[in-house]
Amino acid sequence: MKYSHKIWIVLIPVIALAWVASKARPETDAEGAMRVHEFGKLPVVFHGRVKPYDTLARNSLVILSDKQTFEVDGEKRPAIEWLLDTISDSPAMLTHRVFRITNLQLLEILGLERRKGFRYAYEEFGDRLQKFQEQYNQVRELHPSQRDAYASQVLEFAEKLSLFRNLGDSHLVPRIREDDAGFAQDMTNYGGFLRQIKSGSFLPHGVPPRNADEEWKPFLEAALIDKITERSREMGAELQADSTPHAAVGPMTRMLSARKSGNVTAFNTALGEYQNWLAANPPEDTSRLAYESFYNTFQPFYLALVLYVFAAVLSCFSWLFAGPVLRRSAFWLLIVSFGVHIFAITSRIIISGYPPVTNLYGSAIFIGAGCVGLGLLLERLYPLGMGNIVAAVTGFLTLLIAHFLSLDGDTLEMMQAVLDTKFWLATHVITVTLGYTATYFAGGLAILYLLRGIFTKTLTRQVATSLGKMIYGVIAFALLLSFVGTVLGGLWADDSWGRFWGWDPKENGALIIVLWNALVLHARWAGLVRTRGVAVLAVGGNIVTSWSWFGVNQLGVGMHSYGFIDSVAFWLILFVASQLAIIGLGLLPRSIWRSQKNAVAVPPAPPADAELPEPTEA
Amino acid sequence: MANQRPLLFTLLKPLASLRLTVAMMAISIFLVFAGTVAQVDKGIWTVVDEHFRCYFTWFHLRIFFPRSMSVPDIAFPYLGGYTIGIVLLANLLAAHAVRFKMRARGATLALGLIVLAGASVFTWLLIQGMFTKDVAATEGDASLRVLWRLIKGTGAAVALLAGCLIVFRKRAGIVLVHGGVILLLIAEFYTGYRATESQMRIPEGVTRTWTYDQRSMELAVIDPSDPATERVIAIPSSRLKPGKTVRHESLPCDIEVLDFMRNSTVVDASKLPEGVTNPATKGMGVDAMAIVRPQVSGTDPNQTSDRPSAYVRLRADDGSDLGTFMLTSIFLERQKVEIDGKQWELSLRPKRTYKPYSIELLDFVHDVYVGTDRPKDFSSYIRLRDPRRDIDREVRIWMNNPLRYDGETFYQSSYDGSKTTVLQVVRNDSWMIPYVSCMIVLVGLMTHFGFTLQGFLKRRAAS
C-alpha cells in the first residue's frame with residue numbers, strides 16, 4: 001500500500017468530523033433583528049413535557065408540513081419564525097405555505113391546484129373550509145373499516161387544522177372593554193371560548209407556575225386571570241396573597257403584539273424582561289431547555305444518517321477495488337458517525353430523563369446504534385469489509401425509519417403511568433431491542449452471504465466460513481437477548497398487573513422471535529441445514545422481527561381497515577416481499593451460483609440425531 | 001433390567017429426535033402467529049381459551065387476510081398450545097434421557113448429583129416463597145424488589161450450574177437452559193389451569209369482602225328474605241347454553257335459556273324496527289331489548305370488556321310460564337320475580353368470590369400530566385382487615401406497587417371516576433417460577449456460549 005494512499009484513512013474521517021463540528025454551532029439572532037432564537041429557548045408545556053418553544057415549533061411544523069423548516073420567497077426559514085407568526089396572529093401566518101396536502105380529491109375540495117411539494121398557505125383554502133367541514137362530518141360518521149385513503153386524509157387534515165388553531169387560540173391576547181357591562185360580557189365570552197378549546201384538545205401551556213401550588217397555564221388563561229386580578233384591584237377588592245398579576249403575562253403580551261406589528265425593539269425589550277424574570281424564578285424542569293434547543297439545531301441523527309450513506313458508498317467501493325485503504329477509511333468514518341449517533345442517543349436520555357427506548361422512534365435509533373456497534377466489532381474480528389457494509393446500511397435504514405416515525409410529532413413524549421418505570425425501560429426494553437438488533441444483524445449478514453454467493457465470485461471458501469461463523473454467533477446472541485428480554489417483559493407484566501404471560505400481540509411477536517432463533521440453532525444442530533440454510537433462515541428472521549416490531553402495531557387499525565394502503569403496512573409488506581425474494585434466491589441450486597467454483601465443497605449432511613456437536617464446535 | 005434399558009431407549013429415541021424439536025418449534029411459531037392475528041376479531045381471552053390453552057383448535061382462513069377481502073370460509077384443524085407444550089416437554093425429557101450423557105463417573109458423579117439435588121431443593125423453596133414476607137405490602141422501589149427476586153433466581157441458577165458442571169461438563173449450559181425452559185412450560189401449564197384473576201371495585205369509604213371475575217358471568221338467583229345474609233344460588237355462564245334448561249333442587253323454578261350473548265348492547269324496546277319482536281314478557285326487558293354485539297377485539301387499542309346479556313324463561317315446577325326475562329350485565333339492578341308467593345331476585349353479574357378478609361378504600365388519588373389526560377400516578381389508600389389473623393392495617397397500593405397478601409396480589413389496575421378504584425386480584429402460586437427460570441436460562445446460555453467462545457478463541461490463537 002502506498003504511503004500517499006494511506007492518508008485517506010485519516011483524511012476522510014477528519015473531514016467528516018470537521019463537517020459535524022461546523023454543524024454544532026448554535027443558531028444566533030442577527031444584530032438588530034428580532035431575537036427569535038432566544039424566544040425559542042423559552043419554556044412551554046405541551047403533551048405533558050416542559051420543552052423549549054423551539055421544540056414546539058419544529059414538532060408542530062413537522063406535523064403540518066413534514067419538514068422542520070419553511071420557505072418564504074424561496075428562502076429557508078426556521079420553524080420558530082413560523083410559530084411566532086402563528087401565535088401572535090400576524091398577517092403572515094395566513095400566507096406561510098406550511099400545510100402539506102397530497103390527496104388529489106382533498107385538494108379539489110379545498111380548491112387547490114397540484115403544486116411541487118404540495119404545501120399550501122391557509123389563505124389559499126380558508127374560504128373553502130365550510131365545504132371541507134361538510135366532508136369531514138360525513139367521513140367522521142364512517143366506521144373505521146369503511147374509511148378509504150381519502151377519508152383518512154380528511155381526518156388527518158382536520159387534525160392539522162386543529163393543531164394550527166390551538167397554537168393560535170392558546171396565545172390569543174384578550175381584548176377586554178373597560179366599562180363594566182363590556183368587561184362582564186367580554187370575560188364571559190372569552191371564558192366560554194377558553195373552556196371550549198380546553199375541552200376539545202390539549203393546548204400548549206406557555207405560562208409557568210410561580211410557586212408549588214400553581215400549575216402551568218395556557219397564555220390565554222393566564223392573561224384572563226390577570227385581567228380579573230387587575231380589575232378587582234382597581235375596584236379595591238381585598239386581594240389574596242397570590243392574586244398579583246403574573247410577571248410572565250405582561251412581557252408575553254408585549255412580545256406577541258410586537259411580533260404582530262413587527263416592532264423589533266419592543267419585542268427584544270419584552271423578551272429580555274421575561275428572560276430576567278425566568279432567570280430569577282426558574283420553574284421546575286427547565287434546566288435542560290438550552291441544551292434541548294442546541295440539540296434541535298444540531299440535528300445529530302440527520303448528520304449520522306448522511307455519514308452512514310458515505311460510509312456505505314466507501315464500503316462498496318472498497319469491495320469493487322478490493323482496497324484495504326478504502327475499507328479502513330470506511331471503518332473510521334463509521335466510527336465518527338457512530339460517535340454522533342451515540343451522542344444523539346445520550347442527548348435524548350439527558351433531555352427526557354428516560355432510558356433510550358420509550359417508543360418506536362427510540363427503538364429505531366437504538367437498533368441502529370446496536371447494529372453499527374456490532375458491525376464495527378465484527379469488522380475488528382474479521383477485517384473483510386463485511387461488518388462495515390452491514391453497519392452502514394443498517395445504520396442508514398434504521399435512521400431513515402426513525403425519520404419517518406418522527407413525522408408524527410414529539411418523539412420525547414411522557415410515558416403512560418403504567419410504563420413509567422425506568423427500571424423496566426432500562427432492562428426489558430433495552431434487552432429486547434438488542435434482541436431485535438442482533439436478529440436483524442444476522443439477517444443482514446445472511447443477505448450479504450447469499451447475494452455475494454449468487455451474484456459474485458467473492459464468496460471464497462474463507463469468506464464463506466467466516467460469514468457462516470458470524471451469522472451463527474450473532475443468532476446465538478440474538479436468542480439470548482430476545483429470550484431474556486421477552487421474559488423480563490413478562491416479569492414486568494407480573495410485577496405490574498400480576499400476569500406473567502397474557503398472549504397479547506406484542507408479547508407474541510417477541511415470543512416468535514425467540515422461537516425462530518431457537519429453531520435456526522436447533523435446525524443447525526439437527527443437521528437439517530448447514531451454512532447456507534442457516535443464512536436462508538436468518539433472512540426469515542428479518543421478516544419475523546419486522547412483523548413483531550411494526551406488524552403487530554398495525555393489527556389494531558391496519559387489518560381492520562384501509563390497512564394495506566396505509567403507509568407503514570405498505571412498507572412492511574414490501575420489505576417482507578423483498579426478504580422472501582432473497583430467500584427464494586438463496587434456495588436456488590448451488591450449481592448456478594457464480595461463486596460456485598470457489599465455494600466450500602458441501603460435505604454430506606450428518607445423519608439426523610447424530611451425537612450433538614460439542615459446544616466448542618461453532 | 002438389562003433387557004429393559006435398550007427397549008426403553010428404542011421407544012424414546014424417536015421421541016428424542018431433534019427433528020421433532022425443530023418441527024414442534026415451527027408448529028408453535030405458526031400457532032402463536034395465527035393466535036395473534038385471530039385477536040383482530042376476537043377478545044384476547046377467547047383466543048387464549050380457543051387456541052392456546054387447549055389441545056386441538058381450528059383456524060379460519062380469513063384471519064390471515066385483511067377483513068375487507070372476501071375469503072372462502074374454510075377452517076383447518078391445528079394443534080393447540082397444550083399439545084405442543086406436552087410434545088416439546090416429552091421431546092426435551094426424552095432427549096435428556098437418550099442423548100445427554102452424564103460425563104462424570106463414580107464419586108464425582110455422586111457428588112454432582114448431590115449438589116444438583118441440593119440446588120433443586122433450594123430452587124423449589126425459592127419458588128415456594130422462601131425469603132418472601134408472608135404478610136406484606138410490597139414496599140420500596142419496583143426496581144429493587146424485582147432485582148431482589150432476580151438475584152434469588154441467580155442464586156438458584158448458579159447452584160444448579162455447579163451441579164450440572166460436575167455431572168455434564170461442557171454440556172452443563174445446555175442442560176441448564178433446557179431445565180429453565182421446562183420450568184417455564186410447567187409454570188404456563190399451571191397458570192393456565194390454576195391461576196385466577198378477578199377484580200375489586202371499591203368506592204371511597206366502602207368495605208368489600210368479595211372479588212368479581214369480569215371474564216366469567218354468573219346468573220345469580222337471590223333470596224333476599226333475610227336482610228342480614230342473602231342466600232345466593234349462582235349458575236355459571238358456561239351452563240347458560242341456548243336451548244338448555246337449568247334445573248336444580250335449590251332453585252325455586254326451572255330456567256330455560258333462550259339466548260345468551262357474549263357481548264351485547266341494549267336498545268329502546270318501544271322503537272324496534274319492523275319485524276323484530278321483543279322476546280321479553282316481564283321485568284326490565286319489556287322496555288329494553290338486548291341485541292348482540294361483536295366481541296371486544298384483543299388488538300383493539302381501546303380495550304374494554306364484553307357485556308353479556310341473556311334471555312331466560314322461568315317455568316314453575318308444574319310447567320307454567322312465569323315470564324321471559326332479559327338479563328343483562330349492562331344494568332346493575334336486580335330484577336324481582338315472585339315464585340310460589342315468595343320474592344326472589346335475578347341478576348346476571350360477574351362471578352363473585354367471597355373472601356375471609358375485607359378491604360376498605362380510604363382514599364383514592366389520581367394525577368395526570370399537566371395539560372393532558374395521561375395518568376401520571378394513581379394510588380389507593382386501603383385498610384386491610386382480617387379477623388382470622390388479627391390484622392388491621394393501612395396500605396397504599398399504586399402503579400407497579402401491588403399488595404401481596406394471603407397468596408393473592410392486589411394491583412392498582414384502573415379507576416372509575418375520581419372516587420372509585422379498581423383493583424386487580426390475582427392468585428397464581430407459580431408466579432415466582434418465571435423469575436427463577438429466566439435467570440436459569442440466562443446463566444445456562446451464557447455458560448454455553450462462553451464455552452463456544454472459549455473454543456473459538458483457542459482455535460483462533462492456534463491458527
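In which strand of chain B is Val368(B) found? Val368(B) belongs to strand E14 of chain B, which covers residues 342–368. The model in which this residue sits is a predicted one. Is Val368(B) buried, partly exposed or exposed? Val368(B) counts as partly exposed, because its relative accessibility is 37% and that class lies between the limits of 20% and 50%. A further position to find is Phe378(B), 10 residues away from Val368(B) along the chain. Between the C-alpha atoms of Val368(B) and Phe378(B) the separation is 8.6 Å.

From this one residue we can turn to chain B as a whole. Its secondary structure consists of eight helices and 19 strands. The C-alpha trace of chain B spans about 90 × 60 × 55 Å along its principal axes. Chain B has 463 residues, and 48% of them are buried. Among the contacts in chain B with a separation of 6 or more, 60% are between residues 24 or more positions apart.

The surface and the charges of chain B come next. Chain B exposes about 22700 Å², and 59% of this area is supplied by carbon and sulfur atoms. There are 55 positive and 44 negative charges in chain B, and the mean positions of the two groups are 16 Å apart.

One sheet of chain B can be followed strand by strand. Strands of a sheet pair through backbone hydrogen bonds, and the pairing can be parallel or antiparallel. In chain B, four strands form an open sheet in the order E7-E8-E11-E12, with antiparallel pairing. Which strands lie at the edges? The edge strands are E7 (245–246) and E12 (321–328) of chain B, each of which pairs on one side only. Strand E7(B) is joined by two bridges to strand E8 of chain B, residues 254–261, and the two run antiparallel. To locate this pairing in the structure, start at Val246(B), whose bridge partner in E8(B) is Ile255(B).

Chain A is described here by the confidence of the prediction. The average pLDDT of chain A is 85, and 90% of its residues score at least 70. Helix H4 of chain A (residues 79–87) has the highest confidence in the chain, at a mean of 94, while helix H21 of chain A (residues 531–559) has the lowest, at 83. In chain A the pLDDT is below 50 over residues 557–565, a stretch with 23 contacts in the model beyond near neighbours in sequence. Residues 603–618 of chain A also have a pLDDT below 50, and that stretch has 38 such contacts.

Conventions: Residues numbered from 1 in each chain as written. Chains lettered and ligands numbered in written order. Predicted model: local features only at pLDDT ≥ 70, side-chain atom pairs only at ≥ 80, totals over all residues. Heavy atoms only, no water. Pairing = 2+ DSSP bridges. pLDDT = per-residue confidence, 0-100. Contact = heavy atoms within 4.5 Å. Buried < 20%, exposed > 50% of the residue type's maximum accessible area, 1.4 Å probe, protein only. Areas by Shrake-Rupley, 256 points an atom, 1.4 Å probe, with all protein chains shown as cover. Lys, Arg positive; Asp, Glu negative; His and termini not counted. Charge placed at Lys NZ, Arg CZ, Asp CG, Glu CD.
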